[in-house]
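Colleague: Thanks for sitting down with me. Could you take me through how the labels on this model were reached?

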Amino acid sequence: MNRKMRGRGMASSWYGIARTATIDRAGAWAELDDGGTAKIVTGVTEIGEGILTVLAQVAAEELGVRPEDVTIGDNDTSRSPEAAHAGATRQTYMIGNSVALASRDARAKLFAEIADHWDVPVDSLRAFNGELWAQDTNLRMSMDEAVKTCKGRGVVPVGSASFTAHGTGLDPVDGSGSPWQAYVFGTQIAEVEVDTWTGEVQVLGIWAAHDVGRAINPRGVEGQIEGGVVQGLGQALMEDYQTEKGYTTTHGFAKYILPTSLDIPQINCVIVEDPDPLSPLQAKGIGEPALVPTAPAIMNAIYDAIGVRIKSLPATPEKILDALRNHVPGREQIAQSARQDRAEAHRRGL
Amino acid sequence: MPKIDLTMDVNGRKVVKQSEPHKRLLDFLREDLNLTGTKEGCGAGECGTCSVFVDGKLVKSCLMPAAKADGAKIETIEGLARPGSLTPVQQAFHKTGASQCGYCIPGMVMAATSALRENPDAGIEEIKERLGGNICRCTGYTKIFEAVEIARDVIAGRLPETALDEDATGESFIGANVRRLDAPSKVSGRLKYAADMKMVDMLQMQVLRAPMPHARIVSIDTSEAEAMEGVACVITSADVPGTDGFGVFVHDQPVMARGKVRHFGEAVAAVAAEDLITARRALAKIKVEYEELPGVYAPEDALVDGAPVIHDYAQDNVIKHIPIRKGDIAKGFAEADLILEDEFRTQQVEHAYLEPEAGIAYVDHDDVVTVLSPSQNITHHRHMLAEILALPINKVRFIMSPVGGGFGGKEDMIYQGMLALAAMKTHRPVQLNFTREESLVASAKRHPSRVRYKMGLKWSGEITAIEFDMLSDGGAYGMSSEGVMRKAAILSCGPYEVHNLKVDTKVVYTNNTPSGAFRTFGGMQAQFATESMMDMAAEALDMDPFELRRINMMRIGSRTHTQQELTTASLDRVLDAAEEASRWEAGAPKVRGPRRNDLGGPDTRKPCTLGARIGEPTDTQTKDERVAS
Ligand code: FES
Ligand code: FES
């Protein structure tokens, strides 16, 4: 065997969007504000995934303003409607849709006034990027003017909405139920190099294809995939929180090893869009699903490279060396062909 | 304590201050100068969030005594650009989406700036090496590399300055790469996380933690600590006015240990004092008498007859068992041509968000108990805290501060109750900032798991039956365990339509560090086992792994493991996309690495040996150029 061996492996995955086996809900308020700006109030703030930017894009699209004109309130149980927790790959799906619906509600108030003001049918009105116009006419004004006109007629264009995802609980005996209304699927391929002298595994490439429903911000989706892959890689190869009879022995980052810039494969993201038919935005989610297939893809790649299968994570250099030491080349194959022969014989009734 | 005089040039201004001799440069910048862009992620030189320039050299300010920086020229993240403007490195981070939670980002920007100052022509390999001392838990580093490469080329004039501008938007903001609205505040260090905030008259809290994993608390004597000058209050479980218990599913965890401790590092008492040092000293004066109890440290042991009981309500130590049944596995296995059996294990994993837990509580002018913290679920925390404090729900207010990484680890209310109690007792704002060591012992982890797997298949590749049995270590408290088991069970057998299956997931109490919510919530542990089995099956069947998955994949109309009929399903498209993008060479997974022809393409990186990169001939091609060439 050469010292450095390479191989590839793949793994697929699936995941449910929003809270599990229960009904999920989120609320939001929207207001078209002076100067053609907008206020969105909903109970979330950033945990890093980019949700505030996604919500600003959604609100801007629905209200006809620009993302940078949208002010989003922070998550506060006494000042904003309930949006519940920042997790479960539910932010874009639950809060994104509730912001879309609340924005539509506010826009409808504004459009009703402007349609009356211009004497055109409401459904001829369009708004985008700070401008409002009536289709097939020369009628056009800025959102700044539109809000002024609306308020001049005595109406503040505000809206609110609640979005629901209909999951059901599981039967306590056979587990049957419909835990989510939206599912996503993913597949990743890993390419690795294993140093058979040191047991060290380097992941050189990852190809990650994930269905996200609809990518609101493709760069943000890539960021979630890249981050998920690297957490998966950490769990696959190095991270291990250990206790000894209940006492923590990995007290700090000197003992608890995390992936650094030197461990990062080239990550090639492929975004697949299979729109969700049950929600206005048609987007699903990516936060958690991105991590699922990484570790098995890497283990399958290690097997492809050196013929040893690591069934207990993480695949540390010690474990790889140990497995190589006990490794009989081709043993798995021999066992399998024997199994195949036996089954064949059994079928022929011997 | 005698003070020392310090004189420094900080961000181009002369600073003369008296400070305490024990302070690190990091403390001096954050506490004395309010330059909170420099973060403390670990306090041990391991993470790089505290990176600053000292006399032009990149330094981890948590490792440098402030006194040693006396007379030096210091540059922090706040000093890189004039207020309201950003350097090319910062603009590039903004453009590429290189900041997510942002907690590592000031340090990362400093390290990137240093790399390009040291070598303006640094190639990507050298850039990676120079960023090697800075951990980012969110981004997977990829967008950071891209940002540094763009900044390098703009600074060197190889790219026009417009390369730093936002991508143009077409007809819609949906599907557009709108730049992150929060990025400017993160790349400039302006965003205030909970530990960066100060309130007038604020006390500092410190927590006394259990020195052993399982023990009865015989007595707690706080009198000496309470009598100390500068101590405002000491709290224990005796101060809880309402129903003491929190948890995502079962409320089995008291705000502080009540009667017994169940894991090493569990909170037992807390002190709020005028300053951190006094609070720490006071902890040493709290006398707790423990009677050690036999413990359970492996999930298998928790299920043994006569095993020590960890929670009275669960005499069998079982937190939750989720069964799923579909079809008839006896029939399914009888139809199989091939039966594979194996066992898989996953370890306990730490979230390692760069921002350790932190928070502030105060009682406002309307008697509303207010807790500001990077909590991932303020809605639920409010409900639980109202019960614990025996207050109407509108007298409890939770504010979610910017979260410096969560990944599920900040869904548990492990410290907000203590803050609220101290604020109510003192009617002063109280702040608690965890150290990294505290965060590691006290916060939940990813559930370690053991899966016993049995899979039956036909020669055609069709899966006829699966038996899946998972046992997980929930640790000392229930936290999210129930939900994690549910999700693990629902997703267990992967994205395949299996007509006959028997799935059991079970989680038990032990005296280990609790397990809780962690990105994928049980989904990864379960599917690690399934996807390993799928490849082993593909090998046994002499079949390409994509083919085996296509034969079994869920489609529109398929029934999931919980018998839900799917109205959409995209695995076919996803498999095609991945296969094509990776230029996958078809074949059975029979250790064909040595013979493959699809390795080492332009969409992979080069393998590396540590230290070999600096001084390599410069390769300033960007990722896209490399792929294109
Ligand atoms: S390296 Fe200084 S805080 Fe982590
Ligand atoms: S963005 Fe780097 S740690 Fe969160």
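Colleague: What makes β18 and β19 of chain B a pair of strands?

Modeller: This is a predicted model, and here is how its labels arise. Two strands pair if there are at least two bridges between them. Strand β18 (residues 449-457) and strand β19 (residues 463-475) of chain B have nine bridges, so they pass that cut-off. Their sense is antiparallel. One of the bridges sets B:L457 against B:I463 in β19(B).

Colleague: Which sheet holds these strands, and in what order do its strands lie?

Modeller: The order is β12-β20-β19-β18-β13 in chain B, an open sheet of five strands with mixed pairing.

Colleague: Why are β12 and β13 of chain B said to stand at the edges?

Modeller: β12 (318-326) and β13 (338-346) each have a single partner strand, so one side of each is left without a neighbour in the sheet. As for angles, neighbouring strands of this sheet are turned by 5° against each other on average, direction ignored.

Colleague: How do you know that β3 and β4 of chain B pair as well?

Modeller: Apply the cut-off of at least two bridges again. β3 (residues 51-54) and β4 (residues 57-60) of chain B are joined by four bridges, so they count as paired, and they run antiparallel. Within the pair, B:F53 is opposite B:L58 in β4(B). The two strands form a hairpin with two residues between them, and in the turn B:D55 has a positive phi of about 50°.

Colleague: Why is B:S99 called buried?

Modeller: Buried means under 20% relative accessible area. B:S99 is at 0% relative accessibility, so it counts as buried. B:S99 sits in the loop between α2 (88-96) and α3 (105-118) of chain B. Leaving aside residues up to four places away in sequence, B:S99 touches B:F93, B:I105, B:R180, B:A183 and B:K186.

Colleague: What makes the largest cavity a cavity, and how much space lies in it?

Modeller: A cavity is a set of points where a 1.4 Å probe fits but cannot get out. The search of the whole structure finds six cavities of 30 Å³ or more, and about 100 Å³ of space lies in the largest cavity. Its lining has 13 residues, with B:Q253, B:V255, B:E266, B:A267 and B:I414 closest to the centre. By class, the lining divides into eight nonpolar, three polar and two charged residues.

Colleague: What lines the second largest pocket?

Modeller: The second largest pocket has 37 lining residues, and B:D27, B:E31, B:Q204, B:L276 and B:N433 lie nearest its centre. The lining has 13 nonpolar, eight polar and 16 charged residues, and the volume of this pocket is about 1100 Å³.

Key. Residues numbered from 1 in each chain as written. Chains lettered and ligands numbered in written order. Predicted model: local features only at pLDDT ≥ 70, side-chain atom pairs only at ≥ 80, totals over all residues. Heavy atoms only, no water. Buried < 20%, exposed > 50% of the residue type's maximum accessible area, 1.4 Å probe, protein only. Contact = heavy atoms within 4.5 Å. 1 Å grid on protein atoms, 1.4 Å probe; cavity = no way out; pocket = protein on both sides within 12 Å on 5 of 7 lines; lining within 4 Å. Points joined across faces, edges and corners; volume = space filled by probe spheres on them. Nonpolar A, V, L, I, M, F, W, Y, C, P; charged D, E, K, R; others polar. Axes fitted to C-alpha atoms, helices over the stretch in contact; angles between N-to-C directions.
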